[in-house]
Amino acid sequence: MKDNTAEKKSFFDRLLDSDVMISILVVILGFIVGTLLIAIVGKNPADMFSSIFDSMFGMARNNGTWNFRYIGETFAYSMPYILCGLAMGLPARVGLFNIGAEGQYIMGMTAAQSVALLVTPFPGLWVFCIIAALIAGSLWGGIVGILKAKYNVSEVVATIMLNYIALYSSRLISFQLPGATTYNTATLPAFSKLTKFLIPTSNLNVGVFFVIIAVAVYYFVINKTKLGFAMRATGFNKNASKCSGISTVKSITTSMLIAGAFAGMAGAIVLLGGAFPKGRIITGMDNYGFMGIAVSLVGNNTAIGNLLAGILFGILKQSQSLMQSRNIPKEITLIIQGLIVVFISLRSGLEIIKQRRNTKKLRKEALSK
Amino acid sequence: MNILTQIPTILMIVAPILIAAIGGMFTERSGVVNIALEGLMGLGACSAASTHYLMEAAGYGRYSLVIALIVGLAVGLLFSLIHAFASIDLKADQTISGTGINILADGLTIFVAQILFNADRTREYKIGMLTDKLGLYPTAYIAVIVVIIAWFVMYKTAFGMHLRACGEHPAAADSVGINVRFIRYSGVMISGALAGLAGGCIVLTQTIQYTSGTIGGRGFIALAAVSFGRWTPIGVTLAAILFGGAQAMAVIANNIPVLSSLPSEYFNILPYAVTLIALILTSGKDYAPQANGIPYEKGAS
């Protein structure tokens, strides 16, 4: 009997210790509350889940046939989420909260469309558009890194400010591009667009390969390089790292440079791989950057976690149009995502529970002796 | 074109930013950062707009404005409790729960509009707030009252002193018997209530319905005003006037010959750029409350 209770306790403890389990739990909790909300307002939660299911597996429910376009769109939507998740995740490893993926994304997109419209088109132009986006996003992230590392400016406030500076700068720059009207520029040359991939009816494009490379780079940098070690060390204890000869300035700045490149690439992929033929003059945020925060939190800042969480968010985004056509307000997906982030912030409450359990256990042991 | 004739427009835009910024000041002085101001303003604006439309349609026209503002305030306060619980009781990362509320607010406001009005926005009401003889909206007076009360509470009451103590050194405050948890809860709830009120002020003066773009970053401008105004009522007020003025210029510059050739984006950038530069310039000195953003752990130090 004594063994039995010990085993039970260890299962619960294992649950508390496992980040993966808690992430899954948090996502399920978000869906439960979302489902309840749908039921409370008198809609049918089954319609919500069928929309999500169809986006995942590409089923056209009304006539029972397969529609692979849904899967293609799901993965197309996942790409910017995954990249922005990585943009949040890498600085998080160094102990930075990068709310600035949105701005880095915007600068990447702006650079990509500037190159696309200003350079005389030639085959392979899109490669240079993506490189331009990488550089622009990287610089925009790097500013934050330098401000944080050298001047100790709060990265949270700095990135929020830079997001809006990016938004309006993008407008100012894009107004100067050929064919600029109030909402868009001239049509982007065909050479700048990303080639469709696998499912030609959807927007799925060769950007997928860049996303896979980005995830691999992220995994490699974090886990296998000296730089990654320095970053994680800085994140764990800045002062101790400094004492042991790690340049915290370098790890903070590099993490933001790489993060900015990820987010910048997301901007380029959305612009060049999307269905919209023209360059964009944005009036607001696309919110991929903000959602990247949620993606990274759900994925625990790991490469694989980010990938899976990004796909989950892609599924939700794609299911929005299906939901709306099935009389479910599509904003329920935003609510679920918001709830997931709120629940993740409650995760620290588990630490308190863990502590209490430990104290109790110790007390019991001490008393029994 | 006389700039004086534009003062009502400027005040209309400054007022909500100022109200929200004062709320932000209270929560940060108590030691909790609340980046959810943006989302809380959205929730307040949406509920105020919905309330006003529904009551106007039911024939309670003029009285409903006050009730709409109160509803906005109450909704903002209610949702700020999530942030308070997460950041004070559970010692969560305050940026994460703030981000969560912002995303949640984006979804929830339009979701409610879809349920109530079958559209991605609230339905247009006929008459919003009206201006007085001076051409000013009531929101300008509300903002002035909020600032005066805020100054009085912050510097002339025991509560204000306790609030400031909790933001600087919660352990010391605790040791002399101040209830840190109560004070910080109050700080966050004040910010939620004022953000909700500010959202209501925006929607009832500057537009006729709530859409996903109604707030448009003004919660973040308020947040910038708090740090640029160095966490004091007077500083925050001046910062809000500067930032709100810049926002207003983006709207009215077209009517001013010298400025009409300048793209409005320059004025839009101003608050963010000024705050960023100020942060860099003052980076050596720290004006922020010492314990701002750090959860207080009883008996830890």
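Biologist: Is B:D120 buried, partly exposed or exposed?
Modeller: This is a predicted model, and the values here are computed from it. The relative accessibility of B:D120 is 40%. Buried would need under 20% and exposed over 50%, so B:D120 counts as partly exposed.

Biologist: Which side chain meets that of B:D120 in a salt bridge?
Modeller: Side chains of opposite charge can pair when their charged atoms come close. For B:D120 the N to O distance is 3.4 Å, and the cut-off for a salt bridge is 4 Å. The partner, at 35% relative accessibility, is partly exposed. It is B:R121.

Biologist: How many salt bridges are there over all chains?
Modeller: A pair counts when a side-chain nitrogen of Lys or Arg is within 4 Å of a carboxyl oxygen of Asp or Glu. Over all chains, the count by this rule is eight.

Biologist: In the salt bridge of A:E331 with A:K330, which residue counts as buried?
Modeller: The closest N and O atoms of this pair are 3.4 Å apart. A:K330 has 26% relative accessibility and counts as partly exposed. The other residue has 6%, and buried means under 20%, so the buried residue is A:E331.

Biologist: What separates the closest N and O atoms of A:K148 and A:E155?
Modeller: Both A:K148 and A:E155 are buried. They form a salt bridge with each other. The closest N and O atoms are apart by 3.1 Å.

Biologist: Is A:K364 buried or exposed?
Modeller: A:K364 sits in helix 15 of chain A, residues 348-368. With A:R356, A:K360 and A:R363, A:K364 makes up a surface patch of positive charge. Its relative accessible area is 59%, and the limit is over 50%, so A:K364 is exposed.

Biologist: What accessible area does the nonpolar surface patch that includes A:V20 and A:I40 have together?
Modeller: The patch also takes in A:M21, A:I24, A:I28, A:L29, A:I32 and A:L36. A:I40 belongs to helix 2 of chain A, residues 19-40, and is exposed at 68% relative accessible area. Together the patch residues have about 750 Å².

Biologist: How far apart are the end C-alpha atoms of helix 2 of chain B?
Modeller: Helix 2 of chain B runs over residues 37-57, which is 21 residues. The expected span is 1.5 Å times one less than the number of residues, so the helix should span 30 Å. The distance in the model agrees with that, at 30 Å.

Biologist: How many of the 21 residues of helix 2 of chain B are buried?
Modeller: This helix is mostly covered. Just after it, B:G59 takes a positive phi of about 95°. Of the 21 helix residues, the number buried is 19.

Biologist: Where in chain B does B:N118 lie?
Modeller: B:N118 has a phi near 55°, positive although the residue is not glycine. At 67% relative accessibility, B:N118 is exposed. Its place is the loop between helix 4 (94-117) and helix 5 (138-156).

Biologist: What is the phi of A:N287?
Modeller: A:N287 is in the loop of chain A between strand 4 (278-280) and helix 12 (288-298). Its relative accessible area is 28%, which makes A:N287 partly exposed. A:N287 is a residue other than glycine, yet its phi is positive, near 70°.

Notes. Residues numbered from 1 in each chain as written. Chains lettered and ligands numbered in written order. Predicted model: local features only at pLDDT ≥ 70, side-chain atom pairs only at ≥ 80, totals over all residues. Heavy atoms only, no water. Patch = residues over 30% accessible without salt bridge, like charges linked within 9 Å, V, L, I, M, F, W, Y side chains within 5 Å. Areas by Shrake-Rupley, 256 points an atom, 1.4 Å probe, with all protein chains shown as cover. Lys, Arg positive; Asp, Glu negative; His and termini not counted. Charge placed at Lys NZ, Arg CZ, Asp CG, Glu CD. Helix = DSSP H or I, 4+ residues; strand = E, 2+ residues; numbered from the N terminus. Buried < 20%, exposed > 50% of the residue type's maximum accessible area, 1.4 Å probe, protein only.
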